[in-house]
Amino acid sequence: MFKIHDLHKHFGSLHVLKGITCSIAKGQVVVIIGPSGSGKSTFLRCLNLLEKPTGGTIYVNGAEITDPKTDIRKVREDVGMVFQRFNLFPHMTALENVAFAPLRVRQLSKHEAHERALDLLVKVGLGDKASSYPDQLSGGQQQRVAIARALAMRPKAMLFDEPTSSLDPEMIGEVLDVMQALAEEGMTMVVVTHEMGFAREVGDLVLFMDDGIIMEQAPPEIMFSCPSNERTQAFLSKIL
Amino acid sequence: MTFRWDILYRSLPYLWEGAQMTIKLTTIAVGAGFMIGTLLGMARICQYKPLRILAAIYVDFIRGTPLLVQIFLVYMGLPQLLSFPMPRLTAALLALSLNSGAYVAEIVRAGIQSIDPGQTEAALSLGCSNAQVMRYIVLPQAFKRIIPPLGNEFIAMLKDSSLVSVIALEELVRRANIVITRTYRPFEIWLGVAFMYLVMTLAISRLVAYMERRLSVDV
């Protein structure tokens with residue numbers, strides 16, 4: 001699904017990603033952990049080119065998105081993204097938020113788009129909130145709408161950028177439940193998170209990033225019980 | 001010293017026609033200015049540098065020169081250049097619209113830049129083109145935010161439109177001058193005119209406040 005080779009990203013003189021190579025298979029749930037400033041989010045945002053890499057190659061579903069000739073819009077249609085700050089469109093209801101991309105990007109009829117949107121809202125447990133505006137919803141509800149919005153394009157993969165980091169603790173569970181259900185359906189997922197419980201239970205592979213590189217990668221059972229890298233051990237001992 | 005309010009009273013229908021011209025000039029100028037300003041405001045922050053520079057030069061020129069000079073330039077300068085006569089109303093509307101466009105451009109630019117970049121990112125991640133992001137996500141939110149400064153621009157333009165009296169276009173100020181040359185009653189007439197402007201600007205600011213309330217209920 002994703003093949004990343006020697007990925008670099010500079011912000012001016014700041015070298016944020018220092019050569020990342022990895023591949024993510026279809027149906028795999030990859031969880032990226034690491035201290036803040038390690039480049040986790042930047043890496044994730046490179047995968048749909050919200051950040052433009054300064055070096056290296058990324059293949060998504062066989063298309064090289066780092067090639068300027070590739071139509072990135074087509075690739076983005078197949079890769080959904082969920083943001084830390086939800087980024088729902090405040091001038092649209094929950095239903096309109098979810099129906100927006102099917103309507104405008106996929107060019108479905110209004111009826112079809114709304115039908116699809118309502119199905120997805122029901123799926124994330126918010127069928128009764130279809131006509132609410134984002135500022136009438138709690139953080140957890142907003143994030144679930146945001147997940148439904150990304151799913152409305154029927155993507156082949158989903159990127160999650162710290163999806164629970166700006167939520168009150170009591171709302172984290174409802175969002176993680178939706179994500180877990182999605183993983184169980186076989187969705188390819190790349191998740192940047194600090195929720196180690198989620199990483200352990202749902203993740204197929206855990207990447208530990210520090211200082212712009214992948215320090216260690218292992219299945220969660222191994223990563224959390226006997227990490228081999230010193231930095232991983234130090235990080236995990238601090239948060240577990 | 002006696003005040004002749006009856007003269008003002010008798011002149012009111014004539015002055016009111018002038019005020020109607022003032023309202024017409026202002027409405028069309030701000031309307032056209034809004035369209036010019038939206039395009040220009042987007043040009044100011046687009047990714048094509050030449051377009052950005054052109055828009056910046058335009059805005060700087062308009063904001064850095066007196067409106068009075070711009071009116072003369074359009075009314076007397078352009079006909080010389082193009083060698084065809086310029087009707088007063090056309091000249092007035094053109095000068096005011098071009099002027100308003102520059103101020104609205106800055107308002108629109110600030111409005112667009114005030115929208116959280118996360119909105120754009122979310123729309124892009126769904127597969128939107130840049131044009132779709134602007135049309136469906138950024139501009140609708142930006143326009144809502146710029147209603148108050150647009151209202152200010154409307155009020156400023158209403159007052160500044162009095163400058164076209166210098167090319168003898170019969171708006172409120174020009175008509176007041178005509179009345180005064182007939183009646184020799186400047187105090188009554190100018191006070192009356194000032195009051196008419198006040199009524200118009202207050203009406204606009206109430207309207208803007210109303211629109212702001214209406215739109216904020218929606219979201």
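How many salt bridges does the rule find across the interface of chain B and chain A? The rule finds one. The model is a predicted one, and the account below begins with that interface before turning to chain A.

The salt bridge across the interface joins the side chains of R45(A) and E121(B), with N and O 2.7 Å apart. On the chain B side, α5 (117-125) and α6 (130-145) each supply at least two of the residues that touch chain A. The largest share comes from α5(B), which contributes seven residues. By class, the residues of chain B that touch chain A comprise nine nonpolar, seven polar and four charged. In addition to the salt bridge count, the rule gives six residue pairs in polar contact across the interface of chain B and chain A, with both residues at pLDDT 80 or more.

As for the extent of this interface, the contact involves 24 residues of chain A and 20 residues of chain B. Between them the two chains bury about 1,900 Å², and carbon and sulfur atoms carry 61% of that area.

Chain A itself contains nine helices and ten strands. Its radius of gyration is 18 Å, close to the 18 Å that the globule rule gives for 240 residues, so chain A is as compact as a globular protein of that length. The C-alpha trace of chain A spans about 55 × 45 × 30 Å along its principal axes. Of the 240 residues in chain A, 57% count as buried. Among contacts in chain A with a separation of 6 or more, 65% are between residues 24 or more positions apart.

Over all chains, the structure holds 18 salt bridges. Several of the residues concerned form a network: K74(A), E77(A), D78(A), R106(A) and K156(A) are linked by salt bridges. Two pairs from this network can be followed in detail, and E77(A) takes part in both.

In one pair, the side chains of K74(A) and E77(A) meet with N and O 3.4 Å apart. The two residues are three positions apart in helix α2 (residues 72-77) of chain A, which means that about one helical turn separates them. Their surroundings are unlike: K74(A) is exposed, with a relative accessible area of 51%, whereas E77(A) counts as buried at 9%.

In the other pair, R106(A) meets E77(A) at 2.7 Å, N to O. This salt bridge links distant parts of the chain, with R106(A) in the loop between α3 (94-104) and α4 (110-123) of chain A and E77(A) in helix α2, 29 residues apart. R106(A) is partly exposed, with a relative accessible area of 30%.

Another salt bridge in chain A pairs D210(A) with R231(A), whose closest N and O atoms are 2.7 Å apart. Here too the pair links distant parts of the chain: D210(A) lies in strand β9 (residues 205-210) and R231(A) in helix α9 (residues 230-239), 21 residues apart. D210(A) is buried, with a relative accessible area of 14%, while R231(A) is partly exposed at 38%.

Two further residues of chain A show contacts beyond their neighbours in sequence. L49(A) sits in the loop between α1 (40-46) and β4 (55-60) of chain A. Is L49(A) buried or exposed? Its relative accessible area is 14%, so L49(A) counts as buried. Apart from neighbours within four places in sequence, L49(A) is in contact with I65(A), I72(A) and R76(A). The C-alpha atoms of L49(A) and R73(A) are separated by 9.8 Å, the two residues being 24 apart along the chain.

Q143(A) belongs to helix α5 (residues 139-151) of chain A. Its relative accessible area is 0%, so Q143(A) is buried. Which backbone oxygen does the side chain of Q143(A) reach? That of P163(A), at 2.9 Å. P163(A) also appears among the residues in contact with Q143(A) once neighbours within four places in sequence are left aside; the others are V82(A), F83(A), Q84(A), F86(A) and V175(A).

Terms used:
Residues are numbered from 1 along each chain as its sequence is written. Chains are lettered from A and ligands numbered from 1 in the order in which they are written. This is a predicted model: local features need pLDDT of at least 70, side-chain atom pairs count only at pLDDT 80 or more; totals for chains, interfaces and linings use all residues. Side-chain values use heavy atoms; hydrogens and water are left out. Contact means heavy atoms within 4.5 Å. Buried area is the accessible area (1.4 Å probe) that two parts lose on being put together, summed over both. A salt bridge is a side-chain nitrogen of Lys or Arg within 4 Å of a carboxyl oxygen of Asp or Glu. A polar contact is a pair of N or O atoms within 3.5 Å; within protein, one must be able to donate a hydrogen and the other to accept it, and residues adjacent in sequence count only if both atoms are side-chain atoms. Helices (H or I, at least four residues) and strands (E, at least two) are DSSP runs, numbered from the N terminus. Ala, Val, Leu, Ile, Met, Phe, Trp, Tyr, Cys and Pro count as nonpolar, Asp, Glu, Lys and Arg as charged, and the others, Gly among them, as polar. Buried means under 20% relative accessible area, exposed over 50%, partly exposed in between (1.4 Å probe, protein chains only). The radius of gyration is taken over C-alpha atoms; the globule rule is 2.2 Å times the number of residues to the power 0.38.
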